[in-house]
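Colleague: I would like to go through the packing of this model, one question at a time. Please keep the answers short.

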Amino acid sequence: VKYGPNCRATADVRQAVDDMKNGDCMLLENSWLENGETQNDPQLADSMASLADVFVNDDFGTSHMPLASNSGITRRLDPCVAGYQMDKDLSAAQSVVDVPGRPNPRPIAAIIGGSAEASRFSVVEDLVDKADKIIIAGPIAFNFLKARGHKVGDSPTDAEWVDFAARMERRARERGVELTLAKDVICGDKFPSGGQEVVSRAVPSNRIPDNWIG
């Protein structure tokens, strides 16, 4: 596997691609390091697309996001297809979706993580009606911890999502769904940015120190 120092079609990356032979594989730099990635920048999409003939999307987890590397690029390459891992993930998701005449497998446990975005909360709301157990981790969990009255320090929460979390807790109890949160978290005395080192430690998730960020 060869490594490309940029995800854009810079002169050195293009030369490396031109030098590839049948069977070669090249891993380009992480497109998330480009400001234009999350903005679905057409110039970034053009540059990446110029390096390929076919687009294969194998990342189910970001497919709902309009990125230059998974949305913009599809307007510039043909064909665009789903990969084997995407197919497996979709099949797994469809196996627990209600289908008329087909009983759902039981029990169903779902794990939800990532940042506190509207799309994730809508998934939680849907799963409360389908799953037997829901495990919530990552930044989204701080809203549920705060809804339970726990200290979350300066961890990211939103009043609207805290209220939503409280409603989902009540709904889960009414339906007999077990809703589980992480028992401990890694937190720091400030948010790490720009390569800055921070003091961090593991603490019980219901006792994050004041002014610390989980």
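Colleague: Which residues does Phe144 touch, not counting residues up to four places away in sequence?
Modeller: This is a predicted model. With residues up to four places away in sequence left out, the contacts of Phe144 include Ala165, Met168 and Glu169. The others on its list are Phe121, Val124, Ile136, Leu179 and Leu181.

Colleague: Which residues touch the most other members of the largest nonpolar core, and which element gives the most to this core?
Modeller: The largest nonpolar core has 29 residues, and those touching the most other members are Val124, Ile134, Ile136, Ile140, Phe144 and Ile208. Elements giving two or more residues to this core include strand E5 (109-112), helix H4 (118-127) and helix H6 (159-175). With 5 residues, the element that gives the most is H6.

Colleague: How many residues are in the other core?
Modeller: Another core lies apart from the largest one. Among its members are Cys7, Ala45, Met48 and Phe55. Its count of residues is 9.

Colleague: What is the strand order of the open sheet, and which are its edge strands?
Modeller: The open sheet has 3 strands with parallel pairing, in the order E5-E6-E7. From one strand to the next, the twist averages 15 degrees. Pairing on one side only marks the edge strands, E5 and E7.

Colleague: Which residue in E7 is the bridge partner of Ile134?
Modeller: E6 and E7 pair in the parallel sense over 4 bridges. For Ile134, the bridge partner in E7 is Leu179.

Colleague: Is the pair of Trp161 and Phe164 stacked or edge-to-face?
Modeller: The structure holds 1 aromatic pair. Trp161 and Phe164 are 3 residues apart in helix H6, about one helical turn. Their ring centres are 6.0 Å apart and their planes stand at 85 degrees; since planes over 60 degrees apart count as edge-to-face, this pair is edge-to-face.

Colleague: Are Trp161 and Phe164 buried or exposed?
Modeller: The cut-off for buried is under 20% relative accessible area. Trp161 is at 18%, and Phe164 is at 6%. Therefore both count as buried.

Colleague: How far is the charged end of Arg201 from the centre of the ring of Trp212?
Modeller: The charged end of Arg201 sits over the ring of Trp212. Its distance from the ring centre is 4.4 Å.

Colleague: Is Val13 buried or exposed?
Modeller: Val13 is placed in helix H1 (residues 11-18). Leaving out residues up to four places away in sequence, it touches Pro5, Asn6, Arg8, Leu28 and Leu51. Its relative accessible area is 0%, so Val13 is buried.

Technical notes. Residues numbered from 1 in each chain as written. Predicted model: local features only at pLDDT ≥ 70, side-chain atom pairs only at ≥ 80, totals over all residues. Heavy atoms only, no water. Buried < 20%, exposed > 50% of the residue type's maximum accessible area, 1.4 Å probe, protein only. Contact = heavy atoms within 4.5 Å. Core = buried A, V, L, I, M, F, W, Y, C linked by side-chain atoms within 4.5 Å. Pairing = 2+ DSSP bridges. Axes fitted to C-alpha atoms, helices over the stretch in contact; angles between N-to-C directions. Phe/Tyr/Trp six-rings, centres within 6.5 Å; stacked < 30°, edge-to-face > 60°. Lys NZ or Arg CZ within 6 Å of the ring centre and 35° of its normal.
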